[in-house]
Amino acid sequence: MAIEVRIPTILRTYTDGEKSVTGEGGTLSEVIEDLETNHPGIKERLVEATDGQSDLRRFVNVYVNDEDVRFTGGLETSVSDGDQVVVLPAVAGG
Amino acid sequence: MKFDSLLDTVGGTPLVGLPRLSPSEDVRLWAKLEDQNPTGSVKDRPALRMLVEAEKDGSLRPGATILEPTSGNTGISLAMAATLRGYRLVCVMPENTSVERRQLLSMWGAEIIPSPAEGGSNEAVRVAKELAAEHPDWVMLYQYGNPANSLSHFEGTGPEVLEDLPSLTHFVAGLGTTGTLMGVGRYLRSAAPHVRIVAAEPRYGELVYGLRNLDEGFVPELYDESLIDARFSVGPRDAVRRTRELLELEGIFAGISTGAILHAALAQAAKAVKAGERADIAFVVCDGGWRYLSTGAYEGTLDEAEARLEGQLWA
């Protein structure tokens, strides 16, 4: 189950400059774990643990097929072969 | 209709059915034409309300200087209102915004301080906060954290849509300052709690996300994620495609961010059709296409338009 994960400029130091990497897993959480084995350090930039509970960092937005995962189950959002995960820093609009 | 002044014409915009874009008799799309506000964008509502509230609480006194970080529309709205009420306006605006927006701001009498393209509106906010510290006598209304922003939609946009369309099932709007969705969302949560509140946010080119570190990220102080049900990221290609469809099929000449919102609205419509459910989906037309003509989004192929928008703040 290959999931494409698009990495923002600011995190490409962990992916040797690659814009896009692939991960394996049935949930976003598993994909991030898999990314961590190939790109050590990246997980800590995406996820933080508060009160023993893992969650996305405040200024990190993650989208599965363009939908914000905070509204689809967070780190437990299920993913399947061919899905695209996009990671972006939160920025202002207006 | 007769009004005492231009400021009295803000709000009360038409809600227009879209018979050709709606997938069926049971699943219908409705456009809230916010481009029909006096300066041509939805931002007239929060801008005027922020100004009025600041006058009421005494923070804004005659002859004062107003400061605001803006990618354009809020600044243009504030400039009009400030001129009519006798204030000076200084706007901090990212360099990568359309030339029309800069020209309009100047025409309405605002002074523009450019902020670096890299980092987009985040940089504008940062620069404005620095200026505010240097000029304690200036009044920063600060659309990202000012409750009067969402209040204008809580008392205006939300009730207007529900009154015109009591059968409303979905409300879809853009996510920038989050003011529209927070205000309408809060209103509908109590007045029509079954309505699904859907956010569409523009996905820009990489330049705009070029922060030096993740801690420089920005979430508007107004944002409360419990007031929305889904949030979609829409890139320039889909936004331009939908902007053109809205023009070709329904005759509505809207700005590019409206295309992004329509894209999310059509996804909700497709979902309802698939589930065999009835739906009345209202979405916001934020502004007209006029102030984006120079971006090149309205001519040539989608590939060409997408390439031209790279690095621009198109919403």
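These are my notes on chain A as a whole and on some strands and helices of chain B, all taken from a predicted model.

**Entry 1: chain A overall**

I started with the secondary structure of chain A and found two helices and seven strands. Reading from the N terminus, I wrote down the order β-β-α-α-β-β-β-β-β. I then looked up the dimensions. The C-alpha atoms of chain A fill a box of roughly 30 × 30 × 25 Å along the principal axes. The radius of gyration of chain A is 12 Å, which agrees with the value near 12 Å for a compact globule because the rule for that value depends on the number of residues, here 94. Of those 94 residues, 34% count as buried. For contacts in chain A between residues at least 6 apart in sequence, I noted that 47% join residues at least 24 apart.

**Entry 2: strand β7 of chain B**

Is β7(B) enclosed or open to the outside? All five of its residues, 170-174, are buried, so the strand is largely enclosed by the rest of the structure. I also checked which way the residues point. H170(B), V172(B) and G174(B) point one way, while F171(B) and A173(B) point the other way, and residues on both sides are buried.

**Entry 3: partners of β7(B)**

Which strands pair with β7(B)? One is β8(B), residues 196-202, which runs parallel to β7(B) and is joined to it by five bridges. Within this pairing, A173(B) has A199(B) as its bridge partner. Another is β10(B), residues 279-285, also paired in the parallel sense, over three bridges. Here I found V172(B) opposite F283(B).

I followed the chain from β7(B) to β8(B) as well. Helix α6(B), residues 179-191, belongs with these two strands to a β-α-β unit, and the unit is right-handed.

**Entry 4: a four-stranded sheet in chain B**

Next I looked at an open sheet of four strands in chain B, with parallel pairing and the order β5-β4-β3-β6. Its edge strands are β5(B), residues 111-115, and β6(B), residues 139-140, each of which pairs on one side only. For β5(B), the pairing is with β4(B), residues 88-94, over five bridges and in the parallel sense. I noted one residue pair there: M93(B) has P114(B) in β5(B) as its bridge partner.

**Entry 5: the helix across that sheet**

What lies across these strands? I found helix α4(B), residues 120-134, lying across β3(B), β4(B), β5(B) and β6(B). The helix runs at about 140° to β4(B).

Key
Residues are numbered from 1 along each chain as its sequence is written. Chains are lettered from A and ligands numbered from 1 in the order in which they are written. This is a predicted model: local features need pLDDT of at least 70, side-chain atom pairs count only at pLDDT 80 or more; totals for chains, interfaces and linings use all residues. A residue is buried if 20 or more other C-beta atoms lie within 10 Å of its own, exposed if 12 or fewer, and partly exposed in between; C-beta atoms are placed from the backbone. Two strands pair if DSSP finds at least two bridges between them. A crossover is right-handed if, with the strands pointing away from the viewer, the path from the first strand over the helix to the second runs clockwise. Two residues are in contact if their C-beta atoms, placed from the backbone, lie within 7 Å. Axes are lines fitted to C-alpha atoms, for helices over the stretch in contact, and angles run from 0 to 180 degrees between N-to-C directions. The radius of gyration is taken over C-alpha atoms; the globule rule is 2.2 Å times the number of residues to the power 0.38.
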